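Here is a friendly tour of some charged pairs and one helix pair. Have the viewer open as you read.

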Amino acid sequence: MLKCSTFSSNKAYIVRYFITFAAPATFPDSDFSDDTQDLVIQDKDILRKSHHDSGTGLHVLDLIHRGSLEPDRSLYNTLFKKCTLLKKLDEARIVHAHINASLFKDDLVMQNTILNTYCKCGSLDDAHKLFEEMPVKDMVTWTALITGYSQNDQPLNALVLFPQMLRLGLKPNQFTLSSVLKASGTGTSDRYGRQVHAFCFKYGYVWNVYVGSSLLDMYARFGRMDDAWSVFDTLESKNEVSWNALIAGHARKGEGEHALKMFSGMLRQGFEPTHFTYSSVFTALASMGSLEQGKWVHAHVIKSGGKLVAYVGNTLLDMYAKSGSIDDARKVFNRLERRDVVSWNSMITGYAQHGLGKEAVRWFAEMLRIRIVPNEITFLCVLTACSHAGLLDEGQKCLELMKKYSIEPQEAHYVTMVDLLGRAGRLDQAMKFIIKMPIEPTAAVWGALLGACRMHKNMDLGTYAAERIFEFDPHDSGPHVLLANMYASAGRLSDAAKVRKMMKESRVKKEPACSWVETKNAIHMFVANDDAHPQREEIRKVWDEICGKIKEIGYIPDSSHVLFYADQQEREAKLQLHSEKLALAFALMTTPPGFTIRIKKNIRVCGDCHSAFKFASKVVVREIIVRDTNRYHHFRDGFCSCGDYW
């Protein structure tokens with residue numbers, strides 16, 4: 001029999017030959033008996049199971065066991081490499097057990113290889129057990145386990161190991177520091193990350209592209225973009241990871257313009273965007289509602305040969321839905337290579353936001369029919385859709401269905417259910433629901449009831465709900481404004497003034513309302529009574545013309561939305577200077593006839609503007625889409641997609 005030991009001086013080469021350049025003949029079922037037969041191991045057979053129950057578990061190890069192959073470090077390394085690549089944890093354990101009975105039992109390099117394999121296969125328990133049993137550990141050992149914990153969502157364990165390693169006098173390398181920084185970016189404070197930053201200076205790695213990219217990603221995750229930029233600017237060289245970290249940081253902060261600017265800069269510098277890049281950019285554009293810019297980035301994905309896989313397709317879908325184009329979102333959904341629960345949730349949310357509640361419920365039913373298992377977010381999406389469309393029975397069934405999937409309702413589910421009952425006018429039922437909830441009512445729960453009370457003009461219950469909210473957070477401007485609006489709508493201006501006075505004394509500041517519109521790839525923002533825009537006179541003139549025309553077909557200004565003492569004429573004049581009306585006038589000036597107008601607003605659209613836009617859509621013969629903090633309103637031919645149920 002020809003053994004590897006015959007070629008002891010070329011073991012590494014022989015093993016490589018066996019694995020890579022294999023002839024068809026391999027492994028007969030019977031034991032080898034022909035002394036002239038070469039042993040040939042194909043790559044696909046390297047982890048082949050034993051033929052007999054009495055074997056070691058792997059055929060290659062059986063050959064070693066009976067002397068057909070001599071134990072060889074390069075062969076063991078090949079076995080572990082294959083286990084790591086294919087995530088074959090059981091096979092890795094078999095090889096480990098075999099090594100424990102071999103000459104390599106206490107070999108540090110081999111033990112580090114095994115430790116790394118366990119970490120890459122996600123078995124941190126095996127890795128930690130081996131780590132504790134190792135009589136000798138070096139920097140590679142510590143780095144492997146730290147990296148394993150960091151990459152397997154156990155950051156605290158990684159952060160505990162790092163100072164222990166330093167106390168032993170071991171010097172971290174770029175892989176150690178990168179992994180510790182990754183772990184540091186998952187906590188509630190950047191304190192630990194800043195300490196690691198000091199170590200990066202100490203050991204001369206702060207300019208290293210890998211460590212620097214991890215460092216700026218850590219700062220970006222905590223929203224410290226100035227620090228992230230400072231690190232970025234000092235890097236001697238940059239890679240896709242550095243650019244992606246900055247783009248993702250701006251996206252998480254909702255700074256879409258910065259993210260898009262970084263994306264353009266990345267392209268100019270010749271870096272190829274990754275799936276992570278596109279996902280971050282689409283997330284940023286979704287927060288902006290910037291449809292035209294989103295289409296440009298989508299076109300770039302197509303031109304670069306990218307496919308709609310995993311989170312890229314889902315974020316693209318979400319971007320279209322949040323930018324007001326549910327039809328484009330549906331087209332993306334249909335083209336996804338694989339549709340997971342996130343894909344379905346995004347579509348259901350999109351339908352909910354656009355007021356298409358029945359369509360959202362139908363999609364949910366189809367999702368269940370094809371056995372996509374819903375999660376807690378799915379049920380929240382469906383409840384939201386039911387709330388926006390007044391589908392009370394469907395919403396109650398949805399809440400009940402959560403039990404079937406063993407999903408415990410969270411605060412958000414209860415808030416949405418209160419909102420659903422309240423919008424439907426079931427205020428007493430909503431109050432009973434709150435009392436019977438298994439959790440203590442939160443400010444958000446009472447806020448949902450307060451909003452419903454304002455909608456149905458129930459002053460007593462609304463005041464009670466507002467008082468409960470003030471107990472949780474007396475400095476939140478939202479409930480104060482809602483209560484003041486309720487009083488104003490009921491003509492109780494003195495009570496509204498008292499709420500305003502209370503806000504002033506408590507230094508509660510209302511978020512200023514603003515609206516913005518995108519034309520020719522530029523964003524134009526407006527505030528009420530805007531005097532800053534260079535075309536303000538022309539904008540007001542256009543709105544005055546529109547206002548005159550819509551009054552002729554039935555528009556009556558609702559002055560109850562003006563919250564101060566003044567005569568009727570002055571109150572009506574103030575109504576016509578609301579930010580969304582100025583944005584609409586500007587869009588009419590700067591877009592061609594028939595072009596769909598998309599307006600975004602940072603708070604809910606007021607009742608008067610909602611009424612005015614219905615009439616305006618008929619007068620200008622355009623579709624007007626308004627995205628406020630709650631939903632989309634599609635105004636077309638004198639009607640709104642919400643059916644005035646908002």
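Angles under 35 degrees count as roughly parallel, those over 145 as roughly antiparallel, 65 to 115 as roughly perpendicular, and the rest as oblique. The model is a predicted one, where local features need pLDDT of at least 70, side-chain atom pairs count only at pLDDT 80 or more, and totals for chains, interfaces and linings use all residues. Residues are numbered from 1 along each chain as its sequence is written, and side-chain values use heavy atoms, with hydrogens and water left out.

**A helix pair**

Let's begin with helix α19 (residues 341–353) and helix α20 (residues 357–369), helices being DSSP runs of H or I with at least four residues, numbered from the N terminus. Their axes come within 7 Å and cross at roughly 165°. Axes here are lines fitted to C-alpha atoms over the stretch in contact, with angles from 0 to 180 degrees between N-to-C directions. α19 and α20 are therefore roughly antiparallel to each other.

Who touches whom? With contact meaning heavy atoms within 4.5 Å, the α19 side offers Val 341, Trp 344, Asn 345, Met 347, Ile 348, Tyr 351 and Ala 352, while α20 brings Gly 357, Glu 359, Ala 360, Trp 363, Phe 364, Glu 366 and Met 367. These contact residues divide into ten nonpolar, two polar and two charged; Ala, Val, Leu, Ile, Met, Phe, Trp, Tyr, Cys and Pro count as nonpolar, Asp, Glu, Lys and Arg as charged, and the others, Gly among them, as polar.

**Charged pairs**

Side chains of opposite charge can pair when their charged atoms come close. A salt bridge is taken as a side-chain nitrogen of Lys or Arg within 4 Å of a carboxyl oxygen of Asp or Glu, and by this rule there are 23 salt bridges. The table shows three of them.

| Pair | Closest N to O |
|---|---|
| Arg 93 and Asp 90 | 3.6 Å |
| Asp 227 and Arg 224 | 2.5 Å |
| Lys 253 and Glu 255 | 3.8 Å |

For accessibility, buried means under 20% relative accessible area, exposed over 50%, and partly exposed in between (1.4 Å probe, protein chains only). Lys 253 is partly exposed at 43%, and Glu 255 is partly exposed at 23%. Salt bridges with shared partners link Asp 190, Arg 194, Arg 224 and Asp 227 into one network. Within it, Asp 227 is partly exposed at 26%, as is Arg 224 at 32%.

Arg 93 and Asp 90 lie three residues apart in helix α4 (residues 89–100), which means about one helical turn separates them. Arg 93 is partly exposed at 35%, and Asp 90 is partly exposed at 49%.

Notes. Helix = DSSP H or I, 4+ residues; strand = E, 2+ residues; numbered from the N terminus.
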